[in-house]
Amino acid sequence: MSPVPQRALIAITSANPDFGEHKSGLFVSEALHPFEVLRKNGFEVDFVSETGQWAPDDISLGSDWLSAEEKAIYEDPSSEFRSNLDNIKTPSQLKASDYGLFYASAGHASLIDYPTAVGIHAIIASVYESGGVIAAVCHAGAIFNNLKLSSGEYLIAGKKVTGFTTQGEEALGVLDIIQKQWSVQTIESGAAGAGGIYVAPAGPWDVFTVVDGRLVTGVNPQSATKTAEDAVAVFKQL
């Protein structure tokens with residue numbers, strides 16, 4: 001039996017900025033896929049955002065990223081996933097001690113609000129220091145940029161992590177938006193600033209995860225399921 005609760009908390013970005021001709025926000029599959037993995041493995045699952053608000057990344061709603069069945073789940077207000085998402089909490093409404101696994105979903109928008117999401121940071125630090133598992137996928141690694149433990153040390157200091165590559169940002173043609181329009185760090189630069197050891201995949205679109213103790217990170221939307229599966233595997237070994 002795990003020494004921490006079999007209950008998971010999935011973080012969602014509160015930001016919804018213009019992103020070229022689109023709006024960024026929650027990359028839906030990065031929340032849906034881990035939600036399904038966690039529920040299949042017997043976890044209760046809640047959602048949190050720093051402000052209690054969320055909006056989808058409109059690109060993530062396309063058929064390249066959601067199957068017809070997944071789109072139907074997302075659009076059905078009575079589905080377990082969507083009803084939980086619509087009942088999203090703020091950090092102040094939650095008790096960190098209720099959770100044994102934390103999973104940060106993303107979308108480019110998370111580069112904006114995750115680094116300063118101090119309420120979520122406090123929950124992550126508490127879950128980690130209580131022996132729980134922390135996971136983040138794609139741009140969610142921005143959550144670690146300013147996240148320190150009670151010792152004052154960055155959570156990812158000296159740990160191996162991955163996340164969306166700068167090469168991928170260049171391929172998408174969005175590096176200028178990130179660095180000049182939004183004035184925020186890429187995942188690679190943010191990890192370096194927090195003392196993390198960034199591990200790159202062979203290619204930006206590969207399914208790729210890194211496990212370092214109770215810290216699990218994935219590189220892109222395609223890796224969201226495996227990131228969750230790896231996190232569950234670590235949890236089962238606690």
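**Starting point: two central strands**

To begin, select strand S1 (residues 7–11) together with strand S5, a parallel pair joined by four bridges. This is a predicted model, in which local features need pLDDT of at least 70, side-chain atom pairs count only at pLDDT 80 or more, and totals for chains, interfaces and linings use all residues. Residues are numbered from 1 along each chain as its sequence is written, while side-chain values use heavy atoms and leave out hydrogens and water. The strands (E, at least two residues) and helices (H or I, at least four) are DSSP runs numbered from the N terminus. Two strands are said to pair if DSSP finds at least two bridges between them.

Within this pair, select Leu-9, whose bridge partner in S5 is Phe-102. Then select Ile-10, which stands opposite Tyr-103 of S5. Strands of a sheet pair through backbone hydrogen bonds, either parallel or antiparallel.

Next, display the side chains of S5. Leu-101 and Tyr-103 point one way, Phe-102 and Ala-104 point the other way, and all are buried; buried means under 20% relative accessible area, exposed over 50%, and partly exposed in between, with a 1.4 Å probe and protein chains only. In a regular strand the side chains alternate between the two faces of the sheet.

Now add strand S6 (133–137). S5 and S6 pair in the parallel sense over four bridges, and the bridge partner of Tyr-103 in S6 is Ala-135.

**The whole sheet**

Extend the selection to the open sheet of six strands, whose order is S4-S1-S5-S6-S10-S9 with mixed pairing. Its edge strands are S4 (44–48) and S9 (209–212), each of which pairs on one side only. Neighbouring strands of this sheet are turned by 15 degrees against each other on average, direction ignored. For such angles, axes are lines fitted to C-alpha atoms, for helices over the stretch in contact, and the values run from 0 to 180 degrees between N-to-C directions.

**Two helices on the sheet**

Select helix H5 (residues 118–129), which packs on the sheet and touches S1, S5 and S6; a contact means heavy atoms within 4.5 Å. The direction of H5 makes about 135 degrees with that of S6.

Then select helix H9 (residues 224–236), which also packs on the sheet, touching S5, S6, S9 and strand S10 (215–218). The direction of H9 makes about 170 degrees with that of S6. H9 has 13 residues and reaches 19 Å from its first C-alpha to its last, close to the expected 18 Å; that expected span is 1.5 Å times one less than the number of residues.

Which residues of H9 are buried? They are Ala-224, Thr-227, Ala-228, Asp-230, Ala-231, Val-232, Val-234 and Phe-235. What covers them includes helix H1 (29–40), S5, S6, S9 and S10.

**Salt bridges**

Remain on H9 and select Lys-226 and Asp-230, whose side chains meet in a salt bridge (3.0 Å, N to O). The term denotes a side-chain nitrogen of Lys or Arg within 4 Å of a carboxyl oxygen of Asp or Glu, and by this rule the count comes to eight. Lys-226 and Asp-230 are four residues apart, about one turn of the helix. Lys-226 is partly exposed at 33% relative accessible area, whereas Asp-230 is buried at 16%. Elsewhere, salt bridges that share partners join Arg-39, Glu-44 and Glu-80 into one network.

Move to Arg-7 and Asp-46, which form a salt bridge of 2.8 Å, N to O. Arg-7 lies in S1 and Asp-46 in S4, so the pair ties together parts that are 39 residues apart in sequence. Arg-7 is partly exposed at 28% relative accessibility, and Asp-46 is buried at 17%.

Select Arg-82 and Asp-86 for another salt bridge, with the closest N and O atoms 3.0 Å apart. Both lie in helix H3 (residues 80–86), four residues apart. Asp-86 is partly exposed at 44%; Arg-82 counts as buried at 17%.

**Last stop: Ala-106**

Finally, select Ala-106, in the loop between S5 (101–104) and helix H4 (110–113). Is Ala-106 buried or exposed? It is buried, with a relative accessible area of 0%. Not counting residues up to four places away in sequence, Ala-106 touches Thr-13, Gly-25, Leu-26, Phe-27, Glu-30, Val-137, Cys-138, His-139 and Ala-140. Ala-142 is 36 residues from Ala-106 in sequence and 9.0 Å from it in space, C-alpha to C-alpha.
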